[in-house]
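Biologist: Could you take me through this model, beginning with its open and enclosed spaces and then turning to how its helices pack?

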Amino acid sequence: MARKEPEWGLPAHMAAEFAGTMILILVGVGVVAQVVSGGESGSLGDHDSIAWAWGLGVMFGIYVAGRITGAHLNPAVTITFALFRGFSWKMVAPYILAQTAGAFVAALLVRWNYNDMINAVDPGHTTATQTIFSTLPGNGTLPVSVSSALIDQIIGTAILLFLIVAVTDSLGTAPMANMAPLIVGLIVVAIGFAWATNAGYAINPARDFGPRLASYITGYGGAWRDQYGGLYFWVPIVGPLVGGPIGVLLYDLLIGRNLRKDEGSTPEPPSRLPADTQTTGEKP
């Protein structure tokens, strides 16, 4: 039997999305800062530690926000759930604002904490350390075009949303509620291992824009551009917003409609958790 949740108001929803996204960025951007500022020795981590930490950051962020909001933590998730899972459109803008603010504040904390090391390894605040905060085509070093980076973000986010709705669909093989954050975190780890070269797997507009803004106001004058000098900040915004709906649409067409063919049921409420453990956000 589904547990009846209290009808949390809009401030509670925004606080949860803010806090969950802040935890995600504190861990994710923090690990990149540690690796990049630690030099080339690899003694303070490498690509694998980055991928694992981002996954853990997602997991802990979901544990923080999950019961109140279902832990979107990502504008692509929020908009996609509004399109396909009945999430209230009047909650979309507040969620995105809270997510971006959480990412921004977390990035400022990372910038402050690692200031000495960043200034030591990159006193000019160039793309050499810009990747601590935001993504670049080819991670700022490889010959990847903007179009390739955009395609990468569309595909990567489609994979993310396809798998999120798959593992939280109660008619499929959904994990137990307390295990769902771990599984979603592992999805991010997998994407990090497989889709990190072309565009750094932002797959989350708030994750990229919030820290990018934080870096810009703290000395990174070229934060909005890539290593070639072209405007790039829009790629990790547009790509995920296109890819997320594609991922859920494909899941519903290939899997979801068949699961519900005999059940006569509707798709799950909007959440990164199984449906019986969270509020839908319909009553702010």
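Modeller: What follows covers the pockets and cavities of this predicted model, and then three helix pairs.

Biologist: What volume does the largest pocket have?

Modeller: The volume of the largest pocket is about 660 Å³.

Biologist: Which residues lie nearest its centre?

Modeller: Val32, Val36, Ile50, Thr131 and Asn139 lie nearest the centre of the largest pocket, which is lined by 26 residues. Two or more lining residues come from each of the elements α1 (10-37), α2 (47-69) and α6 (127-130).

Biologist: How many of the lining residues are nonpolar, polar and charged?

Modeller: The lining of the largest pocket divides into 13 polar, 10 nonpolar and three charged residues.

Biologist: And enclosed spaces: how many cavities of 30 Å³ or more does a search of the whole structure find?

Modeller: The search finds two cavities of 30 Å³ or more. The largest cavity has a volume of about 150 Å³. It is lined by 14 residues, and those closest to its centre are Val58, Val188, Ala202, Ile203 and Asn204.

Biologist: What classes of residue make up that lining?

Modeller: The lining of the largest cavity has nine nonpolar, three polar and two charged residues.

Biologist: Let us move to the helices. At what angle do α2 and α8 pack?

Modeller: α2 and helix α8 (residues 180-194) pack at about 150°, and their axes are 8 Å apart. The two helices are therefore roughly antiparallel to each other, since an angle over 145 degrees counts as such. Their crossing is right-handed.

Biologist: Which residues make the contact?

Modeller: From α2, the contact takes in His47, Asp48, Ala51, Trp52, Trp54, Gly55, Val58, Met59, Ile62 and Tyr63. From α8, the residues are Pro181, Leu182, Val184, Gly185, Leu186, Val188, Val189, Gly192 and Phe193. By class, this contact of α2 with α8 has 14 nonpolar, four polar and one charged residues. Val58 of α2 and Val188 of α8 belong to this contact, and Val58 and Val188 are also among the residues closest to the centre of the largest cavity.

Biologist: Next, α4 and α9. Is their crossing left-handed or right-handed?

Modeller: The crossing of α4 and α9 is right-handed. Helix α4 (residues 92-113) and helix α9 (residues 205-217) pack at about 45°, with axes 7 Å apart. They are therefore oblique to each other.

Biologist: Where do they meet?

Modeller: On α4, the residues are Gln99, Thr100, Ala103, Phe104, Ala107 and Leu108. These meet Ala206, Arg207, Phe209, Gly210, Pro211, Leu213, Ala214 and Ile217 in α9. The contact of α4 with α9 divides into 10 nonpolar, three polar and one charged residues.

Biologist: One last pair: how far apart are the axes of α3 and α10?

Modeller: The axes of helix α3 (residues 75-84) and helix α10 (residues 235-259) are 9 Å apart, and the packing angle is about 45°. α3 and α10 are therefore oblique to each other, and α3 passes α10 in a right-handed crossing.

Biologist: Which residues are involved in that contact?

Modeller: α3 contributes Pro75, Ala76, Ile79, Thr80, Leu83 and Phe84, while α10 contributes Pro240, Leu241, Gly244, Pro245, Val248, Leu249 and Asp252. By class, the contact of α3 with α10 has 10 nonpolar, two polar and one charged residues.

Note on methods: Residues are numbered from 1 along each chain as its sequence is written. This is a predicted model: local features need pLDDT of at least 70, side-chain atom pairs count only at pLDDT 80 or more; totals for chains, interfaces and linings use all residues. Side-chain values use heavy atoms; hydrogens and water are left out. On a 1 Å grid over the protein atoms alone, a cavity is a set of points where a 1.4 Å probe fits but cannot get out, and a pocket is an open set with protein on both sides within 12 Å along at least five of seven lines; lining residues have an atom within 4 Å of a point. Grid points are joined across faces, edges and corners, and a volume is the space filled by probe spheres set on the points. Helices (H or I, at least four residues) and strands (E, at least two) are DSSP runs, numbered from the N terminus. Ala, Val, Leu, Ile, Met, Phe, Trp, Tyr, Cys and Pro count as nonpolar, Asp, Glu, Lys and Arg as charged, and the others, Gly among them, as polar. Axes are lines fitted to C-alpha atoms, for helices over the stretch in contact, and angles run from 0 to 180 degrees between N-to-C directions. Angles under 35 degrees count as roughly parallel, over 145 as roughly antiparallel, 65 to 115 as roughly perpendicular and the rest as oblique. A crossing is left-handed if the near helix is turned anticlockwise from the far one by less than a right angle, and right-handed if clockwise. Contact means heavy atoms within 4.5 Å.
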